[in-house]
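User: I would like to go through this model step by step, with short reasoned answers that I can follow on the screen. Could you take my questions in turn?

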Amino acid sequence: MIRRGSKAPVRELTAVGALAAAHEHMTDEELSTLASFSWARKRLPPRDALSMFAPDPCEPDPVIMAEMQQRTGECRVFQVQGGCRILFPFDGGAYDASQFAIEPKAWDHERCDVCLEPIPAMTPCYWADGRSSRLLICTACHQRYVKPKQRRRWWRFWE
Ligand SMILES: [Zn+2]
């Protein structure tokens, strides 16, 4: 099943063993369904982030991590001096100010759900509402998996 949100991003996390989680690659079957979604070309602006610091050895409170992962679906961990900085995307709403600071526009890229490459904010990309969740893919993956299979509408002969 294709789901965005349940997957943690790869590279930032692998630096921290305890939090390591890998993106699952899509199966061929999942890839073959991509063309059936209706994709909208977008440029996603940077998002604000909630930032948390966990001192070395970087073992943030598992309860907070689980709750935030469930709420936001994603996190990024950066090793910094003395510990790690953990970011969650934040689109408003209540948060625990004793745990988090807001970092404006710090969530500055997303990842392609197919190739996992970063998609910097404001870069053209494609967005679709899948059966169970939203999907985001880069223009290269759109070219590769979606475009060739899309049926042209007869009046759009110029495409
Ligand atoms: Zn891609």
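User: How many bridges join strand β2 to β5, and in which sense do the two strands run?

Analyst: The model is a predicted one, and within it β2 covers residues 47-55. One of the pairs that link the two strands sets R47 opposite W107, its bridge partner in β5. The strands β2 and β5 run antiparallel, and the number of bridges that join them is four.

User: What is the order of the strands in the open sheet of four strands, and which are its edge strands?

Analyst: The sheet is open, its pairing is antiparallel, and the order of its strands is β3-β4-β2-β5. Direction ignored, neighbouring strands of this sheet are turned against each other by 35 degrees on average. An edge strand pairs on one side only, and the strands for which this holds are β3 (76-80) and β5 (101-107).

User: Which element gives the most residues to the largest nonpolar core?

Analyst: The largest nonpolar core has 14 residues, and those with the most contacts inside it are A49, C75, I86, L87 and F88. Two elements give two or more residues to this core, namely β2 and β4 (83-90). With five residues, the element that gives the most is β4.

User: Which residues does L87 touch, not counting residues up to four places away in sequence?

Analyst: L87 is one of the residues with the most contacts inside the largest nonpolar core, as are A49 and C75. Both A49 and C75 are also among the residues that L87 touches. With residues up to four places away in sequence left out, the full list for L87 is A49, S51, C75, R76, E103, A106 and W107.

User: Which strand pairs with β1 over five bridges, and is β1 well covered or hardly covered?

Analyst: The bridge partner of A40 is W127 in β8, and W39 stands opposite A128, which also belongs to β8. The five bridges that join β1 run to this strand in the antiparallel sense, so to speak of the partner of β1 is to speak of β8. Among the five residues of β1 the count of buried residues is zero, and the strand is therefore hardly covered.

User: Over how many bridges do β8 and β9 pair?

Analyst: One residue pair that shows the link is C125, which stands opposite C138 in β9. C125 also belongs to a second, separate core of 10 residues, which includes I119, Y126 and C141 as well. The pairing of β8 with β9 is antiparallel, and the number of bridges is five.

User: Why do the buried residues of helix α4 lie on the same side of the helix, and what covers them?

Analyst: In α4, which spans residues 139-146, the residues C141, H142 and V146 are buried. They lie on the same side of α4 because they cover an arc of only 105 degrees around the axis. What covers these buried residues includes β1 (39-43), β8 (124-129) and β9 (134-138).

User: Is L44 buried, partly exposed or exposed, and how far is its C-alpha from that of T123?

Analyst: L44 is found in the loop between β1 and β2, where it touches E110, A121 and C125 once residues up to four places away in sequence are set aside. It has 17 other C-beta atoms within 10 Å, and because this count falls between the limits of 12 for exposed and 20 for buried, L44 is partly exposed. L44 and T123 are 79 residues apart in sequence, yet from C-alpha to C-alpha they are 7.0 Å apart.

User: Where is the cis peptide bond that has an omega of about 5 degrees?

Analyst: One of the two residues concerned, P57, is found in the loop between β2 and α3 (62-72). The cis peptide bond joins this proline to the residue before it, and the pair is D56 and P57.

User: C58 and K105 both have a positive phi; which of them is buried, and which is exposed?

Analyst: C58 is found in the loop between β2 and α3, whereas K105 lies in strand β5. Phi is about 55 degrees for C58, although it is not a glycine, and near 55 degrees for K105, which is likewise a residue other than glycine. K105 has 11 other C-beta atoms within 10 Å and is therefore exposed. With 20 C-beta neighbours inside 10 Å, the residue that counts as buried is C58.

Technical notes
Residues are numbered from 1 along each chain as its sequence is written. This is a predicted model: local features need pLDDT of at least 70, side-chain atom pairs count only at pLDDT 80 or more; totals for chains, interfaces and linings use all residues. The arc is that of the directions from the helix axis to the C-beta atoms. Two residues are in contact if their C-beta atoms, placed from the backbone, lie within 7 Å. Axes are lines fitted to C-alpha atoms, for helices over the stretch in contact, and angles run from 0 to 180 degrees between N-to-C directions. A nonpolar core is a set of buried Ala, Val, Leu, Ile, Met, Phe, Trp, Tyr and Cys residues joined through C-beta atoms within 7 Å.
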